[in-house]
Amino acid sequence: MEKSVIGATFDAPAVDRYPAPNAGTQRWIAALGLIALAVVLPFVVSKYHVFELTMVMIYAIAVLGLNILAGYNGQISLGHGGFFAAGAYTAAILMHRYGVPYWATLPPAALICFALGVLFGLPALRFEGPYLALVTLALALATPQLLKYFDNWTGGQQGINLTKPLPPHWLVIDRDRWLYLIVLAALLLAMRIAANLLHGRTGRALVAIRDHPIAAAALGIDTARYKTLAFGTSTLFMGVAGALAAIVIGYVSPEGYNLFLSLSFLVGSAVGGIATIGGAIIGGLFIEFVPNLANDISDAAPWAIYGLAMLLFMYTMPQGVVGSLGPWITRSMRQIRAQRAAFAGGDEEHDGKGRTS
Amino acid sequence: MTMKRALMAGLSAAGLILAGGLAFAAGQYGPGASDTEIKIGNTMPYSGPASSYGVVGKSEAAYFAMINDKGGINGRKIKFISRDDSYSPPKTVEAVRKLVEEDQVLLLFSTLGTPPNTAIWNYLNDNKVPQLFVASGADKWNDPKHHPWTMGWLPTYQTEGRIYGRYILKNLPNAKIAVLYQNDDFGKDYLIGLRDGLGDDKAGKMIVATQTYETTDPTVDSQIVALQASGADVLMTVAIPKFAAQAIRKVYDIGWKPTHFLCSVSNSVGATLRPAGLEKSVGIISAAYEKDPTDPQWQDTPEYKNWLAWMKTYNTAGNVADGLTVSAYSFAQTMVAVLKASGDNLTRENVMRQAASMHDLKLPMLLPGITLSTSANDFAPIKQMQLEKFDGATWKLFGAVISGR
């Protein structure tokens, strides 16, 4: 089960007081159940929905990347669409120009975006809060223009058309379902890496820097190193998401990577729960479905509906869906366990009394 | 003898009825078509930077509504499903996949914009879904060998650029030309056409300055100032309406008086010249292939009256001075003509075959002398245009219809 890290510090003693006898096992069973569901899902819905769900997972990887930076480390970026684009174009150029197979474009996209993120993160160290937001906003605004400027590589306005990868012939499934499974694997790996990174020393250091940079530095945390690391990891996730998006959509062009994309990621992050891992999936769902739903409700003012949906989420669940519901679920579970423990304890007492008397 | 003749007559009548019945029973349908309905898909930028083109989709819907009220096409009603893609290619892919896979449309019609259409080009051709009458003037839609399921409609940007080049070469042989163009295929295609029309060696000498803009730029003021500084006496503006209006205003405000050529994409009085200021637009030269609804010379013709009646009854949200509503009207009429010609064989293959066999199709709101023709090797329906000059109130056509091939 996911917990926000802030929540964890408060929850920890309580959880320890009433540990579920087999909480770890239960968690594993739940996780495996969800994964099994995710694997079966594409085979029971139509190809178009498979495509939509694939996009949801791609956006989830991107939102997860932003969560590491904005949620856990408190660095707000309005320009992550730029790194998403960098990943997309890395994959597209490698596939189109050099005939690299699609799966082999993911590691280079990850590496290039990690390097770009670290390079961008170095000067960004000097900027805090709103100033960093402005610097990254500049990146978001510049992205479409930069893509057009290097038109020898990027194909300029025309973009690059890619052929969709075929599944291996020994597997009897179509491209959409094959890509879904690849993206699912990438998402699970990304969530695993994020969990390892964040639920440990590094995660605590990142949160400490977010909550009180001076105190964190005084404790001996190398703030510059951790902030740069957060930036690089975050853009690495973005790069992988961008590359997957290019492969799945089969086309890259500057119009697809505008400021709105960067803002969508931040919206998805906030709606899902900015300092959570599971929230990324909610964020992906929001990015993919809410604009379309808004369009179905009113084609005259879809963005008003979109705005309304955002307000609704932010007012009712200010910590995001997972950030707000997560602690509530944890609390309820704890109460149930406490009741069970009390009940079990009462029985023991009773038995004990029975034996002594 | 009479008996025999009567029997023959009876038999042949029965044969005819039977044949008719068989033809009806043998009505062949692809996805999205049935005895009662033909589903047509479309994407439009109803929101985002290119939303001024949204009127095209709304007008097409209004035209199909009129056709349906008149009984449809061969008894079948048109269901026109138009989705917003905000001019963002990933959104277009999603919308088109939904139209093809969920809504099960027979074909895609008049999808707008070069990047959005490029994004769905391979998908539609791979899946053998007609991508008919693409609302983009790029040259690449005329590629029947590699993309047999895609067809353009508009005179291409290169065709039009070539027409301007030929005119300038003949009438302004000593011109120093400055070009403002949108930094994409749309802008670059015009420049290629213009160079082609001038001839390669002449083009190098005559074009003295070029400036580009991005659709995300706030204004083109600085580009206009830079072009004026080049000393050019001819300005060619290749811009969408918002930026074309800015350019016209700026040229006037800084007191520059070049012979101003404006691409037909933006020669709508309602969408470009009125926002720019009519007095600032006097003398601008453009090219046309369809009738300007504000031109008094058409206003007594039955063609114009029919169009106006449709505008007043079905397209009430549209502006009667907006040329985009005329384009949409003609786009939709081409679609209806092709579907009519397809008869009861509404398979994707047959619709494509009919689209590729138009012979001098005349449409009421195209300029006299301009017709649509296609063949198995020619997927560019309109290839001719006529030049026109703005007199402060309307466009005045001059010269003959010029072919830009």
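The centres of domain 1 and domain 2 of chain B, taken over C-alpha atoms, are 28 Å apart, with domain bounds from an automatic or database domain assignment. This is a predicted model, in which local features need pLDDT of at least 70 and side-chain atom pairs count only at pLDDT 80 or more, while totals for chains, interfaces and linings use all residues. Residues are numbered from 1 along each chain as its sequence is written, and chains are lettered from A in the order in which they are written.

**Domains of chain B**
- Domain 1 spans 37–155 + 299–374, and domain 2 spans 157–288 + 387–403.
- Their contact (C-beta atoms, placed from the backbone, within 7 Å) takes 16 residues from domain 1 of chain B and 20 residues from domain 2 of chain B.

**Contact between the chains**
- Chain B contributes 23 residues and chain A 22 residues.
- On the side of chain B that touches chain A, α3 (89–102) and α4 (114–126) of chain B each supply at least two residues; helices are DSSP runs of H or I, at least four residues, numbered from the N terminus.
- α3(B) gives the most to this side, with 7 residues.

**Nonpolar core**
- The largest nonpolar core (buried Ala, Val, Leu, Ile, Met, Phe, Trp, Tyr and Cys residues joined through C-beta atoms within 7 Å; buried means 20 or more other C-beta atoms within 10 Å of a residue's own) has 215 residues.
- Ile58(A), Ile61(A), Ala62(A) and Val240(A) touch the most other members.
- Helix α3 (residues 47–72) of chain A gives the most to this core, with 18 residues.
- Both domain 1 and domain 2 of chain B give residues to this core, so it lies between them.

Methods. Two residues are in contact if their C-beta atoms, placed from the backbone, lie within 7 Å. A residue is buried if 20 or more other C-beta atoms lie within 10 Å of its own, exposed if 12 or fewer, and partly exposed in between; C-beta atoms are placed from the backbone.
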